[in-house]
Amino acid sequence: MSGVPSPEFALGSPVKEREPSVRPGAQVHAAREVLVLRALPGLGDFLCATPALRALRAGLPRAKITLLGLPRARELVARCSHLVDGLLEFPGFPGLPETLADVRALPDFLRAVQGRFDLALQMHGDGLVSNIVVQLLGARTSAGFYAPPQPCPDPATFLQYPADLAEPRIHLSLLGFLGIEARGERLEFPLAPADVRRADALLQAAGVAPGKAFTILHPGAAEPRRRVDPGVLAQVADGLASRGLAVVLTGSADEADLTAAVDHHAARELVDLVGRTDLGSLGALVERARLVIAGDTGISHLASALQTPSVVVFRSTAPARWAPLDRVRHRVVDAREAPASAAAILAEADAALFLAGVDRA
C-alpha cells in the first residue's frame, strides 16, 4: 500500500511484543487529537460506550474526540456532542463483519489519517482484527484490548480483554488501565424538545389520551433469534392492558409483519406506532412510558439510558454481558434454554413497576 507505513503485524503473522517502558499516563493525558474505533452498527453498541466516552471527555478535557464509526452513527454523534466532537466514517476492513469493507477506499483513507491523531483507542471487540486497523491508523499512541492467544501489541497500553464484564464496564476498564477515572456507569441519550413534541403528536394521533399510562412493547430485533414469539407477546399485551396500561407497539417499518402478528393474537386493542418513530421520538416515548418490554435490542438500552423500568427477554445473548446494570429497575427473563412464557414476563413487569415505585395506571 503506497504511502502507508507497514503495519506492525498482519493477519496470521506473529507480533513482536514491545517491552513496556513507562506507564501510558503521560502519553495518554497529553493527547489533543483522539480517535475512538467503535464501528459497530447497533444503537445499544453506541449507548453502552457512553460511560467510557464521558470518562474520556472528563479525563482529557482539552482533547478533540473523534469516533471512527459507521455512517449510521452520525445522528448519535450529533446528539452526544458533549461526549464526541465528530464522526470519521470507517470504510470497513477485511475480517470485520459489521460492514462490507470498501477495499478500494482503504488506501486513501489510511493515507489521510497518518499522523493525524495523538491517540487511537480500540474499543471494537477483543482486537483480533481491530488491532490491525488501529495500528494502521498511524497514531502516535495506540491503546486497546487484546485476547490471548493473540500477542499483546504493547503491554503499556493494551489490556487483556475482560470478556466476563458487562459491556459498559469493559470499556471503563480500559480507561481505568490508562489512568482515566470513570464518571459513573449510566448510559446517556440526550433528548431535545423537538423529540418530545414529535412523541406527543404521535400519541395524540393514535388516540392515547394525555396523561394515560402506557407500556411500550417492542417485538423486533435485528437478529431473528433474539425475538420473542408474537403469540407470547400478545398474551403479555393483554396482561398489561388488564392492569390499566395502554400498550404501544414500536418498531421499524420493516418489522410491520412481526408487530401485526402480535396485534392479531391480542384480544385487547393495541396502539400501533410501528414505522412512525424516528430515533428522537422513540427516545421521548421511552422516557414517557411506565415500562418497556423488549428482547435484547437497542430499545432496551434506551430504557436503561432514560431510566424507564424495563423487562428484557434474552433468547440468545448473555444477560451478564448485555443486560442493564440496574437489576432493580430493569428485569431480566433468561430464555436461552427454554422459551419465555407470558406469565414469567408479566411477573417481571410487575416487579419492575413495583420496585421502581411506578404506578401502573
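The following exchange concerns a predicted model and the reasons for some of the terms applied to it.

Visitor: What is the mean pLDDT of the chain, and where is the pLDDT below 50?

Guide: The mean pLDDT of the chain is 92, and 92% of its residues reach 70 or more. Over residues 1–22, however, the pLDDT is below 50. That stretch has 32 contacts in the model beyond near neighbours in sequence.

Visitor: Why is L355 called partly exposed?

Guide: Buried means under 20% relative accessible area and exposed means over 50%. L355 has 41% relative accessibility, and therefore counts as partly exposed. This residue is found in helix α14, which spans residues 342–355.

Visitor: What makes the nonpolar surface patch that includes L355?

Guide: V328, F354 and L355 make this patch, which covers about 320 Å².

Visitor: Which residues have the most contacts inside the largest nonpolar core?

Guide: They are V34, V36, L56 and L121, in a core of 62 residues. Leaving aside residues up to four places away in sequence, V36 touches L53, L56, I65, T66, L67, L68, L121 and M123. Another core, of 29 residues, lies apart from the largest one and includes V333, L346, A352 and L353.

Visitor: What makes the peptide bond between P148 and P149 notable?

Guide: The bond is cis, with omega about 10°. Most peptide bonds are trans. P149 is found in the loop between β5 (141–146) and β6 (158–160).

Visitor: What is the phi of Q307, and where is this residue found?

Guide: Phi of Q307 is near 60°, a positive value in a residue other than glycine. Most residues other than glycine have a negative phi. Q307 is found in the loop between α12 (298–306) and β11 (310–314).

Technical notes: Residues numbered from 1 in each chain as written. Predicted model: local features only at pLDDT ≥ 70, side-chain atom pairs only at ≥ 80, totals over all residues. Heavy atoms only, no water. pLDDT = per-residue confidence, 0-100. Contact = heavy atoms within 4.5 Å. Core = buried A, V, L, I, M, F, W, Y, C linked by side-chain atoms within 4.5 Å. Buried < 20%, exposed > 50% of the residue type's maximum accessible area, 1.4 Å probe, protein only. Patch = residues over 30% accessible without salt bridge, like charges linked within 9 Å, V, L, I, M, F, W, Y side chains within 5 Å. Areas by Shrake-Rupley, 256 points an atom, 1.4 Å probe, with all protein chains shown as cover. Salt bridge = Lys/Arg side-chain N within 4 Å of Asp/Glu carboxyl O. Helix = DSSP H or I, 4+ residues; strand = E, 2+ residues; numbered from the N terminus.
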